[in-house]
Amino acid sequence: MAPPPQESGPSNLLRPLLLLSYSAFYIPHTIFTLLTTLNFRPLTNFSDFKDHWFARFWTWFGSRAAENAAPKVTPLIQNNARGVLLDIGPGSGQWLFLFARALNPSITKIYGVEPNKGLHAELRANAVKAGLGDVYEIVGCGAEELGSKGGVEKGSVDTIVTVQCLCSIPGPQRVIRDLYPLLKPGGKWIVYEHVRTKFQEEFVGTWQRGLSFLFPFSNSWMW
Ligand SMILES: C[S@@+](CC[C@H](N)C(=O)[O-])C[C@H]1O[C@@H](n2cnc3c(N)ncnc32)[C@H](O)[C@@H]1O
């Protein structure tokens, strides 16, 4: 199947700035919510605060991001996932409707590996909405902790799905190395991720490096 046409043009370079502005808006919003709910602890711990901030931002932005990526992600996932599935960094579960049994009848179990607890309620709701309530289990740890905390055995997984999440995971190269052995022989890894531009010597490469400096959480740009 031919890939969908690539978006191009200078205006695309401005999109990350729009994303950063949206996410910045959620900083005061998160502080206000934490103060008014008397939840002061995340205000003294940046990592905790980041989780609250991201959960609020992604609950709003996740469906918009999915709309944008759908022409590429839908054909990748639909009818392609089977058996025991590891859904890495599912966020609020924007892609779960693609795992519905009508489209993927051979799915038997899905582990949604999502460390941000602030996203779990919406993730569960989306699993139920997709008719996957009985097979979707949320694993509340990072992908890098799956071996030690998640209890997933080596060679037991048929499909791994990573959609727009390796950029959020610390040490993505190591996580990829650790996840591979969990796949059964002949298992499949479905990937849709941001990557470093191949135009490193051109303006777009410099622009991407600048954005990575401004927003260091998106570490895949530095691969
Ligand atoms: C940009 S969001 C994408 C969410 C979802 N895949 C989507 O496309 O709507 C990245 C997700 O990766 C999750 N994440 C961050 N660190 C992670 C880790 N160590 N292991 C697994 N997921 C992680 C975040 O909590 C977040 O939900």
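Biologist: Start with Gln164. What does its side chain do at the ligand?
Modeller: This is a predicted model, to be clear. In it, a polar side-chain atom of Gln164 sits 3.3 Å from an oxygen atom of the ligand.

Biologist: How much of the ligand's accessible area does the protein cover?
Modeller: 92%. On its own, the ligand has 590 Å² of accessible area.

Biologist: Back to Gln164. Where is it in the fold?
Modeller: In a loop. Strand 4 (157-163) comes before that loop and helix 5 (172-179) follows.

Biologist: What about its phi?
Modeller: Positive, about 50 degrees, although Gln164 is not a glycine.

Biologist: Where else is there a positive phi on a residue that is not a glycine?
Modeller: Asn79, at about 65 degrees. That residue is in the loop between helix 2 (46-77) and strand 1 (83-88).

Biologist: Is Asn79 buried or exposed?
Modeller: Exposed. Its relative accessible area is 55%, and the cut-off for exposed is over 50%.

Biologist: Ligand again. What does Trp95 offer?
Modeller: A polar side-chain atom, 3.0 Å from an oxygen atom of the ligand.

Biologist: And which ligand atom does Ala143 face with its backbone?
Modeller: A nitrogen atom. A backbone N or O atom of Ala143 lies 2.8 Å from it.

Biologist: How many residues surround the ligand?
Modeller: 20. The closest are Gly89, Glu114, Ala143, Glu144 and Val163.

Biologist: How does that shell split by class?
Modeller: 12 nonpolar, 6 polar and 2 charged residues.

Biologist: New topic. How many disulfides does the structure hold?
Modeller: 0.

Biologist: Why is there no bond from Cys165 to Cys167?
Modeller: Because the distance is too great. The closest cysteine sulfur to that of Cys165 is in Cys167, and it is 7.2 Å away. A disulfide needs the two sulfur atoms within 2.5 Å.

Biologist: What if I start from Cys167? Which cysteine sulfur is closest then?
Modeller: The one in Cys165, again at 7.2 Å and too far for a bond.

Biologist: Is Cys165 buried or exposed?
Modeller: Buried, at 4% relative accessibility.

Biologist: And Cys167, buried or exposed?
Modeller: Buried, with a relative accessible area of 8%. The cut-off for buried is under 20%.

Biologist: Quick recap on the ligand's polar partners?
Modeller: Among them are the side chain of Trp95 at 3.0 Å, the backbone of Ala143 at 2.8 Å and the side chain of Gln164 at 3.3 Å.

How values were computed:
Residues are numbered from 1 along each chain as its sequence is written. This is a predicted model: local features need pLDDT of at least 70, side-chain atom pairs count only at pLDDT 80 or more; totals for chains, interfaces and linings use all residues. Side-chain values use heavy atoms; hydrogens and water are left out. A residue is near a molecule or strand if one of its heavy atoms lies within 4 Å of it. A polar contact is a pair of N or O atoms within 3.5 Å; within protein, one must be able to donate a hydrogen and the other to accept it, and residues adjacent in sequence count only if both atoms are side-chain atoms. Accessible areas come from the Shrake-Rupley method with a 1.4 Å probe; for residues, only the protein chains shown count as cover. Ala, Val, Leu, Ile, Met, Phe, Trp, Tyr, Cys and Pro count as nonpolar, Asp, Glu, Lys and Arg as charged, and the others, Gly among them, as polar. Buried means under 20% relative accessible area, exposed over 50%, partly exposed in between (1.4 Å probe, protein chains only). Helices (H or I, at least four residues) and strands (E, at least two) are DSSP runs, numbered from the N terminus.
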